[in-house]
Amino acid sequence: MNNKKRISIEDKLFTVTRKIDTESHIKVNQEKFKKDPNPAILYICPSKVYVKNEETGECIVNFENCLECGSCQVACRDYVVWDNPRGGTGVIFKYG
Amino acid sequence: MLCVLVPLQQSLGMEEKFDCIIIGAGPAGSAAAITLAQGGADVVVLEKGESPGSKNLFGGILFTTVLNKLIPNFLESAPIERHILRRKFGFIFGENETTLELRSEKFNCPPFNNTFTVLRSQFDKWFAAEAEKAGAQMFSGITVDNFIEKNGATVGIKSKGGDELFADVVINTEGANSLLAERAGMRKLMTPHNRVLTVKEILKLPKETIEDRFSVERDEGASVEYYGGAVKGMKGSAFIYTNKESISIGIGCTMDEMIEKNSGPNGILEHFKELPTISNYIKGGELLEYSTHMIPEDGYNNLPKLYKSGLLMAGDSAALINPSLYHEGTNLAMASGVCAGKTILEAKKRKDFSEKSLSQYQRKMEESFVLKDMKHFRKFLSFITNNRQFIDDYPKIFMEMLVDYFTISEMPKKAVRKAIIKKFLKNVNLLRLLYGMWRSKGALV
């Protein structure tokens, strides 16, 4: 019905100004992640922070993509610990 | 611009104790800061973003009844985009769409129904500057990590950098992702059941194009909200709001349902954008910014604790949201900030910041429209959850009836009408409909 190509998350993320911290503000417990048959963070996260490494089964955390909604921790509290990035780092919305 | 690297205590003076520390320069924080500073209190606002507003966002509509009282001439200096003249509510299911549109000239003159589109990063920056003008100290780039407790009372904050700052009262206005409130046991854990997840895009369009497409002119604006198939039949809604030279388009749905249906928010937004009516609205729009945010929908019956000794909670961190068709949050945030500020000014006179003294905040909130409205709409979400037919079957059937009624054929109109009524009675349990409508009275409107 619709042939238009959707704009990718990567391209969407290009529009957001971010000051990337040197260390991650997100921690994932890999053992618990591996035991989840259908980890919600893989599709709930609006900015594709979480990607499953199909070979190792581990969760890759692209924390620099984070738009700081906090939904990952709410969805997967068993193995995601999300904290505020350090003061002044992270997203800087120009419009909001 | 800011002294992120300078230890906070040093820049503010060692051993200094404030009347009040406010966490977060959003609508609640700045409203509280203005109230306190105007009342002569020594108040400091700590903002985790690079500058006030840089981490703040919402769908796009600000109600200004509280702002009007705080800053009566705000229209002269606030970065307002447009006032909302046209309001449209619609359902989309499959090939069918129906909308209800309201436009009133009453909304087209001051105070413009107190309904405006704003871009939060810009608006919140302005609002924080107003708080500074009133005498509040504003520090950006400071993330608060924990409260400092002494004998059961909150006496200060500890920042991520390790700085400690002390005050008679702390107001927590950290926002929807209420980590501090959770850590301090002021609220139950955030769960997918009490959080809506939203994504939004700002699309740049020429002013003239916006005005043509939404039938507005000059500073007039439109709000368009869709339910049902627009958000894949989920509990939530999709929206378009007009700014001066851009539009805000987004969706928000409850997280539990997204998880149940394995459906991420961005996919729902893309689905919405591809609907024929919507793609006509946004055609040619250039993406300026993509953003996401949670909305706290704990509801009146599950509100976080609003106060304890030395601590008040306001805004989203206190889950102050009217989840009904009003989608009201920022106005409630400002109202709660003002109530918190007034409570502290009174407590300061009494020199008593105990839980009992600060309980006046709860009383003020109950007397204000904030908790009155939240109480009134306390059954809204549970009603929709338990009566899905109101956002699913009924609008769908109603729209099919309209389509049948207006489908031109050579079937005699009387027979058409008969067929429609027959189909309606077959699809709808009349008793259930009437019972539901009777019950919805107390929940939806």
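The following exercises, each with a worked solution, concern a predicted model with a contact between chain A and chain B.

**Exercise 1. The fold of chain A**

Describe chain A by its secondary structure elements, their order, its dimensions and its burial.

Solution.
- Step 1. Chain A contains 4 helices and 6 strands.
- Step 2. Along the sequence these elements are arranged as α-β-β-α-α-β-β-α-β-β.
- Step 3. Along the principal axes, a box of roughly 45 × 40 × 25 Å holds the C-alpha atoms of chain A.
- Step 4. Chain A has 96 residues, and 52% of them count as buried.
- Step 5. Take the contacts in chain A between residues at least 6 apart in sequence: 63% of these join residues at least 24 apart.

**Exercise 2. The contact between the chains**

Which elements of chain A give two or more residues to the side that touches chain B, and how do the residues of that side divide into nonpolar, polar and charged?

Solution.
- Step 1. Begin with the extent: 38 residues of chain A and 56 residues of chain B take part in the contact.
- Step 2. The two chains bury about 3900 Å² between them, with 55% of this area on carbon and sulfur atoms.
- Step 3. Count the pairs across the contact. There are 8 salt bridges between chain A and chain B, and 31 residue pairs are in polar contact, both residues being at pLDDT 80 or more.
- Step 4. On the side of chain A that touches chain B, the elements giving two or more residues are α1 (9-13), α3 (41-44), α4 (71-75) and β6 (90-92).
- Step 5. Of these, α4(A) gives the most, with 4 residues.
- Step 6. The residues on this side of chain A comprise 17 nonpolar, 12 polar and 9 charged.

**Exercise 3. Salt bridges within and between chains**

Place the salt bridges B:E50 to A:K19, A:E31 to A:K34 and B:D168 to B:K17 in the structure, and state what each pair links.

Solution.
- Step 1. The general condition is that side chains of opposite charge can pair when their charged atoms come close. The cut-off used here is a side-chain nitrogen of Lys or Arg within 4 Å of a carboxyl oxygen of Asp or Glu. By this rule there are 37 salt bridges over all chains.
- Step 2. For B:E50 and A:K19, the N to O distance is 3.6 Å. B:E50 sits in the loop between β2 (43-47) and β3 (61-63) of chain B, and A:K19 in strand β1 (residues 17-19) of chain A, so this pair joins two chains. B:E50 is partly exposed at 28% relative accessibility, and A:K19 is partly exposed at 40%.
- Step 3. For A:E31 and A:K34, the N to O distance is 3.8 Å. The two residues are separated by about one helical turn because they lie 3 residues apart in helix α2 (residues 30-35) of chain A. A:E31 has a relative accessible area of 48% and is partly exposed; A:K34, at 36%, is partly exposed.
- Step 4. For B:D168 and B:K17, the N to O distance is 2.8 Å. This pair links distant parts of the chain, with B:D168 in strand β10 and B:K17 in strand β1 (residues 17-23) of chain B, 151 residues apart.
- Step 5. A further salt bridge joins A:K12 to B:E201, with the closest N and O atoms 2.5 Å apart. A:K12 and B:E201 also belong to a salt-bridge network with B:E270 and B:K273.

**Exercise 4. A buried glutamate**

Which partners does the side chain of B:E174 have in polar contact, and how far away is the nearest side chain of opposite charge?

Solution.
- Step 1. B:E174 is located in the loop between β10 (164-172) and α6 (179-183) of chain B.
- Step 2. B:E174 is buried and has no salt bridge; B:K48, the nearest side chain of opposite charge, is 6.3 Å away.
- Step 3. One polar contact runs from the side chain of B:E174 to the side chain of B:N172, at 3.0 Å.
- Step 4. A polar atom of the B:E174 side chain also lies 2.9 Å from the backbone nitrogen of B:A181.
- Step 5. Beyond four places in sequence, the contacts of B:E174 are B:I23, B:K48, B:L179, B:L180, B:A181 and B:S317.

**Exercise 5. The surroundings of a methionine**

Is B:M138 buried or exposed, and which residues is B:M138 in contact with beyond four places in sequence?

Solution.
- Step 1. Strand β7 (residues 137-140) of chain B contains B:M138.
- Step 2. The relative accessible area of B:M138 is 10%, so B:M138 counts as buried.
- Step 3. Beyond four places in sequence, B:M138 contacts B:A25, B:V45, B:P52, B:A128, B:A131 and B:E132.
- Step 4. B:V45 is 93 residues from B:M138 in sequence, while their C-alpha atoms are 4.8 Å apart in space.

Definitions and conventions:
Residues numbered from 1 in each chain as written. Chains lettered and ligands numbered in written order. Predicted model: local features only at pLDDT ≥ 70, side-chain atom pairs only at ≥ 80, totals over all residues. Heavy atoms only, no water. Contact = heavy atoms within 4.5 Å. Buried area = accessible area lost by both parts, 1.4 Å probe. Polar contact = N/O pair within 3.5 Å; in protein donor to acceptor, adjacent residues only side chain to side chain. Nonpolar A, V, L, I, M, F, W, Y, C, P; charged D, E, K, R; others polar. Buried < 20%, exposed > 50% of the residue type's maximum accessible area, 1.4 Å probe, protein only. Lys, Arg positive; Asp, Glu negative; His and termini not counted.
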